[in-house]
Amino acid sequence: MKIAVVGGGPGGLYFSALAQQLAALTGGRHEITVWERNAADDTFGFGVVFSDETLGGIEHADPVVHEQMAAEFAVWDDIDVHFKGEVVTSGGHAFAAMPRKRLLEILQRRCADLGVDVGFRTTAPDVEELAATHDLVVAADGLNSIVRSTFADSFCPSLDVRDCKYMWLGTDKVFDAFKFYVAETPYGVMQIHGYPYDAHGSTFIVEMNSAVWERAGFAEYDDRPWLPGESDEKSIALIRELFADVLDGHEVMANNSRWLNFTTVRNERWRHGNVVLLGDAAHTAHFSIGSGTKLAMEDALSLAACLHEQPSVPTALAAYEEERKAVVASTQRAAQASLEWFENLGQYTHQHPLQFGFNIMTRSRRVTYDNLRVRDPEFVARLDEWFAAEAERLGHGPGDVRPPMFQPLVLRTPDGPGMSLANRVIVSPMDMYVATDGMPNDFHLVHLGGKALGGAGLVMTEMVCVSPTGRITPGCTGLWTDGQRDGYARIVDFVHEQSSARIGLQLGHSGGKGSTKLMWEGIDEPLQDGNWPVCAASPVPYKPGVNQVPTELDLAGMEEIRQQFVDAARRGAEAGFDLLELHCAHGYLLSGFLSPVTNRRTDEYGGPVEARMRYPLEVFTAMREVWPADRPMTVRISATDWVEDGQPLEDALRIAEAFADAGAAAIDVSTGQVTAAEKPAFGRSYQTPFADAVRNRVHVPTIAVGVISSWDDVNSILLAGRADLCALGRVHLYDPSWTLHASVEQDYDGPGARWPLPWRAGRRKPQTGRTDGPRPRLELVRGEEPRTQHRRWRP
């Protein structure tokens, strides 16, 4: 084949070397030309970091390159977090780094040995000309890819420019581990990401949000276009001054160093005809979770392999895109979580150094509580001890050490000591759609009773509707009659008599999303027969042209519904519920008032957020007056609408604060379902950052909810201080005894996970299939138990 490679960075060079080697396996040879606009010895940046997984792939694919790289590596295991005068260290992480310049030299030599033609200080011909004269064009031309821009209509790129400012620097101070320095300066919080790359130097990245950057005066120096290779010496001088204690007399080295905003690159498609994207041209991932060089070299390996395996260029490029896009998307999700964590770093500076250290290490969700327990069990043991002592200090429990999810929690109330939960797990409200005329039945008894027996600290009802016309579907339960109250009292009595769980009542009104079919008949689709008129804050249908246009509530209608909420709350108290939650999320009536998407009112209940939350607060306050003062109330909100003109996070924070001031013991933080036009960033624990923001900015207890599916995630969320409780829905449908089974998985047997006495015999996990145990002893002298690797870089 005749192959053109635009860009002679690590990705383009490594692909060229691998492709040429694979051609040789079949006795052939490619004609590969690489165009690189910079000189051979030009490099921008200092060190590059690799994971064990990537290095394993390089070793398998090209032992010659791997051997030369390995001779250069700085290797270490520890991460040090420097915060509030303390150093928190976690081991067992296994890093390897080397100078970027040396990596390029190795790859350049390898390409030369294999007969790849590499031209330096050479601009590539027009890409359309290359595509016409070559079998394949590989665009490895970086973040500002000309090839990507040329075929933008095909690749459909999106470039997300973020808020934080950062600068790549080096220092002749040789760090002995991966370093996070978090400094509270007079201008705000700044951070340093640092790591060694050889015996003589370290990479030194300074980052802060734009507001801190401006207050520090850096904007005054960033006042002109920079020439290629030029560095911002005035900013560097101030950095030396601000971080003199970190540098300890060592020099700061610049290399094309000036302030940047990180840009996340995504492309809907990676190929156009015989042109394909590779590395930063195709995607970027924030530097806080690894190096772009690592991703580019993984792309190179995949592309070379697919070209070798597939019968044609089109099928090879399709296989490459399919293979790599899923991997890159996963990496970018982790990188996005990490990037956003650093953007919001200021909200965590009140945390204890140990908790802060755990928080920073688990920020991407790729490293978790259990993962860290494998890497560094001593570190996690310290965290468990701290969390237990903190629970005791705050009056939640006795202070005994147990997994975080099994620590008790007290929800505060206006009167009395508050309501204690045996653990931090909630069975999330889930609509069952099996009621008749709003009446709970045997299904609800078994459903809620079974979940209570399954060990959760709190079991929530589905959204119980306050009126017949406030139902979502004909199958929704209600609490507008005394008969319904008595039906729920039967369920409450069972939960109290047979389990240690508390049971909570969620009350709501469907608003404009009412009068729809049962979920399995067509979710959110309007009823064809037996429908009823719907009302809302404004006449905005959920799906225009599909759902009913709701009637805009007038003041009399608002007063009538407020009284329905009060009457339902009183009946809930009479039924014996332990907790009451007001549903102000997911586009239902009260959520419709809160969101600017669905609230178009021009009276005192519409407009700015203070007016939009007026009616939901009036309803909450009226309910609080009839709800017993020794029982807590919570509120569920949608923190974002997932559309551009929707509710911003700042509004959600003000809403949460207002409900907390009105007496809410916790805010249950969900998102979306306000408009059918939403585009949620769906994924594991995807709503937790919103609960995190409410908890750490408003300083009110929060409930995290949304695709939290493992006990490991629950422990990670709680221990990092992102929420106080975790609500899980679907996992409890899959396994009603999920909490009890989680206790077995973690070898915990205590007051945080009470097995019903008739079930105690089933506490041991049953054997599944054959095993290879017990094993004979084959060591005369036993070796030492494995210990956490705390290798430091010692040149």
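The buried residues of helix 25 (buried meaning under 20% relative accessible area with a 1.4 Å probe, protein chains only) pack against helix 24 (649-661), strand 27 (666-670), strand 28 (702-705) and helix 26 (711-719). This is a predicted model, in which local features need pLDDT of at least 70 and side-chain atom pairs count only at pLDDT 80 or more, whereas totals for chains, interfaces and linings use all residues. Residues are numbered from 1 along each chain as its sequence is written, and side-chain values use heavy atoms, with hydrogens and water left out.

**Helix 25**
- Helices here are DSSP runs of H or I with at least four residues, and strands are runs of E with at least two, numbered from the N terminus.
- Helix 25 (residues 688-698) is mostly covered, with 8 of its 11 residues buried, namely T688, F690, A691, D692, A693, V694, N696 and V698.
- Just after helix 25, H699 takes a positive phi of about 60°.

**Nonpolar cores**
- In the largest nonpolar core (buried Ala, Val, Leu, Ile, Met, Phe, Trp, Tyr and Cys residues joined through side-chain atoms within 4.5 Å), which has 125 residues, L507 and I667 touch the most other members.
- Helix 20 (residues 555-575) supplies the largest share of this core, 7 residues.
- Apart from it lies another core of 60 residues, among them L114, V137, L278 and Y320.

**R571 in helix 20**
- R571 lies in helix 20 and is buried, with a relative accessible area of 14%.
- Leaving aside neighbours within four places in sequence, R571 is in contact (heavy atoms within 4.5 Å) with L479, W480, T481, D482 and R485.

Key:
Buried < 20%, exposed > 50% of the residue type's maximum accessible area, 1.4 Å probe, protein only.
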